[in-house]
Amino acid sequence: MPNATTVTARKMQFDGRNSCIITWPEGEPSLAELTESFADLGLRPLTHRPLPPAGGSSGSMHMFTFEPVSFPDTALTKLAAAFDAKAAGETQLDIYSRLIATADVGWREAALIRALCRFLLQADIGFSENYIVDTLEQQPAFVAGLIALFASRFDPITVDRDRTTAAALTAVDTHVDEARTLDQDRILRALRSFVLATLRTNWYQRDDLGRVKPWASFKLDSRLLTATGPVVPFREIYVHARHVEGVHLRSSLVARGGLRWSDRPEDFRTEALSLMKTQSVKNAPIVPGGAKGAFVTIGPGEDRDTAAVRAYSTFVRGILDVTDNIVDGQIVRPPNTIAYDDEDAYLVVAADKGTASFSDTANAIAREYRYWLGDAFASGGSVGYDHKAMGITARGAWVAVRRHFLERDLDVDTDEFDVVGIGDMSGDVFGNGMLLSRSIKLVAAFDHRHIFIDPLPNAERSFVERRRLFDLPRSTWSDYDRELISEGGGVWPRTAKSITLSGPARAALGIDDTTLTPHDLIKAILCAPVDLLWNGGVGTYVRASDESNADAADPANDAVRVAAAALRTTVVGEGGNLGFTQRARIEYATRGGRINADFIDNAAGVATSDLEVNLKISLGTVANDERDTLLSSVTDEVAEAVLRSSRDQTLAISVAERRAPSLLDQHDRLIEDLCATGVLDRHSEVLPDETTLAARAAAGLGLVRPEVAVLVAQSKNILASELLASSVPENVIFSGRLAEYFPESVRNAAGDSLVQHRLGREIAATSIADELVNRLGPGVFYRLEERLGVKSPLGALAYGLVCAVLPTDQLRDDILASGLPASDMLDSMVKLQQLIESEMVWVLRRPGVTRRLAIDSSADIARWRPPVTVLAASDSVQGRIESLFGALGLADAAIQGNTSVELVSKVHHDLARRLDLTSLLVGTGDTASTSHWDMMGCASVHARIGDTFSELVGQVLDNFSDSPEPVSMWLTENSDRASRFTASMSRSRRGGTVDLAHMCAVEAELELLVR
């Protein structure tokens, strides 16, 4: 028995191998809790006997005996230490604590194994927690070896790290190879891969008092894990503590995304992976790639909100523990941390589900860590942009809704339209969205509490009431004034046993049932025959017909989910995330529905956050008060910049969809290339396979909008990375791109420091890539590389030159302001794309193009712009576009021939008309063909025809430039040859379509004319 006069702490001391003495400072311990702790440590108590307290203490002492154990003596000391640590609140005892004795490891090492195994459960290893621990108990040498491998890699005091690590790895590999079953092998290899995939950890860091941190964080290269799925992050940080568990996933080195309070403790990592994937394509128009964080609270105790803030705070600290900092312009690694990766100092977060009010908390922690981004670490705090007040996410999604209806000749501002929705008026996206038009007739909506039906709403009265609810704090549908609901409508709780529907309600929903359960009524709302389904809520409500509820990965909404084939709405606006599976979107779109994707519709929120961060970085040298005032003053400019990007992107999808049937083969080639380079996976992105593409080609169809949206976003991502790896961001053609990104007042305040912006090159490259794909469509640069052998950076410079000479921005603005019917407007946009690509090809085929573009194209721009301006003189925008095909070649010919561009243009167009070549010369590649190789051949022959025709124009000018009618004079002198050519052209057109064979014949005949 110990000779203690005063008992000051709960303590366990073994008295022999099979008995121990427990000291308790005050009162009596709970025998049930002690027995549970013993069981966690692998001990089975046989007897209990109270002992007199030592030295008159007010506490108590107890002796326990246990069933005989075979633990080594050293393990007994470690068991006692684990009990003491648990009593002191330093650790928890659970099934992992059994490893203390079986593997003879300390309680902290057991906690390390717990963290690793908990991650494997999130990585969907496929085994239960008990099964994993049982397996490890059978492999004590492996457990000890794994801990030794971890220590050799990350303990700062390890001597001769390479040799020690190699020896530890060899020992672990030996134990893995000796595994007796496939299950054992999978578990051991997964744990080994976790340790080897770990790049950094805070395990050996200490707080200001020298204590170990009560949370563990591990930064992983996810590609090195054995337990991976179809979506593999570039990096992830796993944080584990007694009260919180979470992951932060990134798709690229520079990435951003929200941290959400997940309600999915069993698979929050799966939830985060899906959202990171969405975020990756959503972030295509901005600098950072996609990221997403998700955490869950663990254990009872505090009230729900307090527990969430505490868990969030620990999660953020764990993330920052393994993130580099920047001090005085230099990268600083975290203390007591061994890093196996390169510098990594850019980490930003944002609000998400359940964390809308947590940004200030995150920024306070960033200041505590003296993190270089300060309050730019978490956007949207008290000194940032309030997304709900701006309504920016809803306004961005409404841009997509407006585009959908515009292309159906409906004006959402003046034409009334029926809507059903997911959400309520207190919500940011739903509430703001339902206030963006006074013409909305909200027929029905639901959230997690209520179902709302207004069968025949008055648009104006219901708008005013929705505004009242939006302004009412914490409002619900139950606050809706019943006097303002049309006959037969109402509000019902989702807990109701059943709901009886009136005739008007049944008519509005297009159903015959008079009584439905709340779940079935929600299904009816989702499938209502309306103009718009507006998703402003949380959850996945629509799957494809060939998908199961499990494929939707949202068990909470299994009871209300519907198949896409059952939808009767004309348009879907995806203000919320993951409302549809991607297969559901595609199925709905192939049946004629209008839908983009969540990563397109609701991208304005993340774009606003990114702009906020970059503004704060640019104003780093400005005093806080002045900076905050300036940020507030440019709120409207920030919103307009974000919405302009949304408008450009949705228009780009519409134009690409317009061209999709004729470019189907080229889109397929682009998909193959993106898959080959690892940018996307055809299956996970639900892109059509060869059989599906063949069927669409036979039917004259192309990719649908959700598929086009994937190509648009991923094309931007890969193009931005290619431009960033080149000198394009510094090229004089794009010299103003960085400054143009910022509002003028911010540029003035930042001054010369703006060019030193830490993400300046990334901002420029992303902005250029965004414009290129929006203006030219996805796959243009891949097409140019196939045709001309030029890489994307050179193509980007050619684009910049063309747009610096031709008035492409003005033409685009004129098309949008023309008031043309939607179909004619899209056709004009297609023609403008073809014009730009045609002129880019001319530039890229010139000798010495690489040197001319890479060094300085200012001279070419200055020479060509005046004559090109002369050519763009038509009154109509369509006429100006037509007149500019071949403009650079005409301008160059006029300069080289020392003659007027008007004369060159007159001869060119007159001769083309007289020889029946006009349409063929203007065509740029949307020619009907049977294969990729036909398209390549057509493009090559088309270029040669253009060259040969230009040579012919030169001959006419050389010989007859003094004549008032040069072409007539040439035709007179070459009448036989000209007649032969026009006859040949007439014969080639009799079949309707001009294919490769016809073009080859035209080329041959044209060469005869030039001889």
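**Figure 1. Arg256 and its bridge partner in β10.** In this predicted model, Arg256 is paired by a bridge with Gly290 of β10. The two strands involved, β9 (residues 255-261) and β10, run in the parallel sense and share five bridges. Follow the chain onward from β9 and you pass through helix α9 (residues 268-282) before reaching β10, a β-α-β crossover that is right-handed.

**Figure 2. The antiparallel side of β10.** Here the view moves to strand β8 (residues 244-250), which pairs with β10 in the antiparallel sense over seven bridges. One pair to look for is Gly246, which stands opposite Phe295 of β10. How much of strand β10 is buried? Eight of the nine residues in β10 (residues 289-297) are buried, so the strand is largely enclosed by the rest of the structure.

**Figure 3. Helix α9, the connecting helix of the crossover.** With 15 residues, α9 reaches 20 Å from its first C-alpha to its last, close to the 21 Å expected at 1.5 Å a residue. Twelve of those 15 residues are buried, so α9 is largely enclosed by the rest of the structure. The buried set includes Phe268, Leu273, Leu275, Met276 and Val281, and it also takes in Arg269, Glu271, Gln279 and Lys282. A handy reminder for reading this view: an α-helix has 3.6 residues a turn, so residues three or four places apart point the same way.

**Figure 4. The four-stranded open sheet.** Four strands line up in the order β1-β2-β4-β3, and their pairing is antiparallel. Why do β1 and β3 each have one side without a neighbour in the sheet? Both β1 (11-14) and β3 (45-51) stand at the edges with a single partner strand each, so one side of each is left without a neighbour. On average, neighbouring strands of this sheet are turned by 20 degrees against each other, direction ignored.

**Figure 5. Strand β1 with its partner β2, and the helices that pack here.** Strand β1 and strand β2 (residues 19-24) pair in the antiparallel sense over four bridges. Two of the facing pairs are worth picking out: Gln13 stands opposite Ile21 in β2, and Phe14 stands opposite Cys20 in β2. In a regular strand the side chains alternate between the two faces of the sheet. For β1, Met12 and Phe14 make up the covered face, while Lys11 and Gln13 make up the uncovered one. Helix α1 (residues 31-40) lies across β1, β2, β3 and β4 (60-66), and it runs at about 45 degrees to β4. Helix α2 (residues 73-87) also packs on the sheet, where it touches β1 and β2, and its direction makes about 165 degrees with that of β1.

**Figure 6. Ser313 inside helix α10.** Ser313 belongs to helix α10 (residues 304-321). Is Ser313 buried or exposed? Its relative accessibility is 11%, so Ser313 counts as buried. A polar atom of the Ser313 side chain lies 2.8 Å from the backbone oxygen of Val309. Beyond its neighbours within four places in sequence, Ser313 is in contact with Thr361 and Ile365.

**Figure 7. Ala141 in helix α6.** Ala141 sits in α6 (residues 140-154) and counts as partly exposed, at 39% relative accessibility. For a sense of distance, Ala141 and Thr306 are 165 residues apart in sequence and 42 Å apart in space, C-alpha to C-alpha.

**Figure 8. Helix α30 and what covers it.** In α30 (residues 780-788), the buried residues are Val780, Phe781, Tyr782, Arg783 and Leu784. Their cover includes α23 (635-659), α24 (664-676), α26 (705-724), α29 (760-776), α31 (792-805) and α33 (822-844). After α30 comes Gly789, whose phi is positive, near 75 degrees.

**Figure 9. Two loop residues, Asp160 and Asn336, with positive phi.** Although it is not a glycine, Asp160 has a positive phi of about 50 degrees. Asp160 is in the loop between α6 and α7 (161-177), and it is partly exposed, with a relative accessible area of 43%. What is the phi of Asn336? For Asn336, also a residue other than glycine, phi is near 50 degrees, a positive value. The loop holding Asn336 lies between β12 (330-332) and β13 (348-350), and Asn336 counts as partly exposed at 43% relative accessibility.

Methods. Residues numbered from 1 in each chain as written. Predicted model: local features only at pLDDT ≥ 70, side-chain atom pairs only at ≥ 80, totals over all residues. Heavy atoms only, no water. Buried < 20%, exposed > 50% of the residue type's maximum accessible area, 1.4 Å probe, protein only. Polar contact = N/O pair within 3.5 Å; in protein donor to acceptor, adjacent residues only side chain to side chain. Contact = heavy atoms within 4.5 Å. Pairing = 2+ DSSP bridges. Right-handed = clockwise from strand over helix to strand, strands pointing away. Expected span 1.5 Å × (residues − 1). Axes fitted to C-alpha atoms, helices over the stretch in contact; angles between N-to-C directions.
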